[in-house]
Amino acid sequence: MRISQTQPISDTVVTMPNQCEIDAAVCERLVRFAQDYLGLGPRTIRAHLLPSLLVVRLQGMMTVAEQQLLLTSGTGNARDMIKQMRMVLVEAARPILVALVEEITGRHVVAVHHDLSTVTGEEVFVFSFVEVPPLRT
């Protein structure tokens with residue numbers, strides 16, 4: 001079988017995502033991750049793609065049990081326990097999170113930073129890239 005020079009080999013057109021599309025895809029996938037992995041989805045979530053960083057801010061990420069532990073404990077031990085437990089969970093899920101972000105952005109993640117505020121219930125993820133993801137303007 002011969003293919004003529006004017007016949008297209010594929011009708012698939014690949015376009016690079018723009019910043020809003022990446023932000024939206026990250027939010028959608030991280031909400032699903034939080035629900036599946038932690039059993040809790042955020043009240044609100046925002047993702048911000050910067051030149052070599054992706055910052056994701058999730059609000060309302062403390063479980064009822066964690067909140068109750070903070071209320072009934074008179075020491076800072078509860079805070080430390082909750083932060084330590086969340087750190088262990090995030091570190092265990094790091095390969096999943098990295099794969100998720102790399103799939104969406106198309107760039108290699110070199111580091112993942114994370115913190116949870118036990119005062120506000122806000123959780124923050126920062127992903128750093130080797131290079132700036134290409135974006136459609």
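# A tour from threonine 118 outwards

Select threonine 118 to begin: apart from its neighbours within four places in sequence, it is in contact with Met62, Leu70, Arg79, Ile82 and Lys83, where contact means heavy atoms within 4.5 Å. Threonine 118 sits in the loop between β3 (109–116) and β4. Its relative accessible area is 13%, so threonine 118 is buried; buried means under 20% relative accessible area, exposed over 50%, and partly exposed in between, with a 1.4 Å probe and protein chains only.

The model is predicted, so local features need pLDDT of at least 70 and side-chain atom pairs count only at pLDDT 80 or more, while totals for chains, interfaces and linings use all residues. Residues are numbered from 1 along each chain as its sequence is written, and side-chain values use heavy atoms, with hydrogens and water left out. Helices (H or I, at least four residues) and strands (E, at least two) are DSSP runs, numbered from the N terminus.

## The sheet

Now show the strands. In what order do the strands of the open sheet run? The four strands have the order β1-β2-β4-β3, with antiparallel pairing. Strands β1 (44–49) and β3 are the edges, each pairing on one side only. From one strand to the next the twist averages 10°; axes here are lines fitted to C-alpha atoms, for helices over the stretch in contact, and angles run from 0 to 180 degrees between N-to-C directions.

Select β3 and β4 together. They pair in the antiparallel sense over seven bridges; two strands pair if DSSP finds at least two bridges between them. Within this pairing, look for valine 109, which stands opposite phenylalanine 129 in β4.

## The helices on the sheet

Add helix α1, which lies across β1, β2 (53–59) and β4 and runs at about 135° to β1. Then add α3, which lies across β2, β3 and β4 at about 140° to β3.

Follow α3 along its length to alanine 93, where the helix bends by about 55°. The bend at a residue is the angle between axes fitted to the seven residues ending there and the seven starting there. Proline 95 follows alanine 93 within four residues. After α3 comes glycine 106, whose phi is positive, near 75°.

Next colour the buried residues of α3, which include Ala78, Ile82, Arg86, Val90 and Ala93. Further along, Leu97, Val98, Leu100, Val101, Ile104 and Thr105 are also among them. What covers these buried residues includes α1, β2, α2, β3 and β4.

## Salt bridges

A salt bridge is a side-chain nitrogen of Lys or Arg within 4 Å of a carboxyl oxygen of Asp or Glu. By this rule the count comes to seven salt bridges. Three of them follow.

Stay on α3 and select arginine 86 with glutamate 66. The two form a salt bridge, with the closest N and O atoms 2.8 Å apart. Glutamate 66 is in helix α2 (residues 64–72) and arginine 86 in helix α3 (residues 77–105), so this pair ties together parts that are 20 residues apart in sequence. Both glutamate 66 and arginine 86 are buried.

Add glutamate 123, whose side chain meets that of arginine 86 in a salt bridge (3.1 Å, N to O). This pair links distant parts of the chain, 37 residues apart: glutamate 123 in strand β4 (residues 123–129) and arginine 86 in helix α3. Glutamate 123 is buried, as is arginine 86. Through shared partners, salt bridges join Glu66, Arg86 and Glu123 into one network.

Move to α1 and select arginine 32 and glutamate 28. Their salt bridge has its closest N and O atoms 3.1 Å apart. Both residues lie in helix α1 (residues 19–38), four residues apart, about one turn of the helix. Arginine 32 is partly exposed at a relative accessible area of 39%, and glutamate 28 is exposed at 51%.

## Aromatic pairs

Rings of Phe, Tyr and Trp (its six-membered ring) pair if their centres lie within 6.5 Å; planes under 30 degrees apart count as stacked, over 60 as edge-to-face and the rest as tilted. The count comes to two aromatic pairs.

Which of these pairs lies in α1? Phenylalanine 33 and tyrosine 37 are four residues apart in that helix, about one helical turn. Their ring centres are 5.1 Å apart and their planes at 15°, so the pair is stacked. Phenylalanine 33 counts as buried at 12% relative accessibility, and tyrosine 37 as partly exposed at 33%.

End with phenylalanine 125 and phenylalanine 127. Their ring centres lie 6.2 Å apart with planes at 15°, so this pair is stacked. Phenylalanine 125 and phenylalanine 127 are both buried.
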